[in-house]
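Here are my comments on the model you sent. Please read them with the structure open.

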Amino acid sequence: MEKDKNLEPGKKKKNFQDKAGQWIDKAEEFIDDTGDKIHESETYRKADKSIEKATIKVFRKAGKWWGKAEHYIKNRDTK
């Protein structure tokens with residue numbers, strides 16, 4: 001009789017682990033599907049374009065500053 005009692009907690013533990021694995025799989029699938037929907041959305045596309053424009057502006061400005069810094073360093077050494 002005691003053997004049956006010992007087997008049942010193991011079965012319950014195994015069932016819980018199986019359910020937890022299923023929940024994890026469902027959660028991962030949900031996250032993937034939601035991520036795909038977000039990437040396909042108009043809002044995401046607009047945000048992506050805005051970030052791209054801002055990044056280009058920042059790098060252009062940085063390039064100008066770099067050029068000015070190089071010019072300043074070259075002129076400073078010659079004086």
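The points below cover the fold, the exposure, the charged patches and the aromatic residues.

1. This is a predicted model. The chain has two helices and zero strands. Helix α1 covers residues 2-40, and helix α2 covers residues 42-78.

2. Of the 79 residues in the chain, 0% are buried. The chain exposes about 8,200 Å², and 58% of that area comes from carbon and sulfur atoms.

3. A negative patch lies on the surface, formed by Asp25, Glu28, Glu29, Asp32, Asp33, Asp36 and Glu40. One of these residues, Glu29, belongs to helix α1. Glu29 has a relative accessible area of 52%, and it counts as exposed because that value is over 50%.

4. A patch of positive charge is also present on the surface, where Arg60, Lys61, Lys64 and Lys68 gather. Lys61 sits in helix α2. The relative accessible area of Lys61 is 43%; partly exposed is the term for values between 20% and 50%, so Lys61 is classed that way.

5. How many aromatic pairs does a search of the whole structure find? The search finds one. The pair consists of Phe16 and Trp23, with 6.4 Å from centre to centre and 85 degrees between the planes. The pair is edge-to-face because its angle is over 60 degrees. Both partners are on the accessible side of the classification: Phe16 is exposed, and Trp23 is exposed too.

Note on methods: Residues numbered from 1 in each chain as written. Predicted model: local features only at pLDDT ≥ 70, side-chain atom pairs only at ≥ 80, totals over all residues. Heavy atoms only, no water. Phe/Tyr/Trp six-rings, centres within 6.5 Å; stacked < 30°, edge-to-face > 60°. Buried < 20%, exposed > 50% of the residue type's maximum accessible area, 1.4 Å probe, protein only. Patch = residues over 30% accessible without salt bridge, like charges linked within 9 Å, V, L, I, M, F, W, Y side chains within 5 Å. Areas by Shrake-Rupley, 256 points an atom, 1.4 Å probe, with all protein chains shown as cover. Salt bridge = Lys/Arg side-chain N within 4 Å of Asp/Glu carboxyl O. Lys, Arg positive; Asp, Glu negative; His and termini not counted. Charge placed at Lys NZ, Arg CZ, Asp CG, Glu CD. Helix = DSSP H or I, 4+ residues; strand = E, 2+ residues; numbered from the N terminus.
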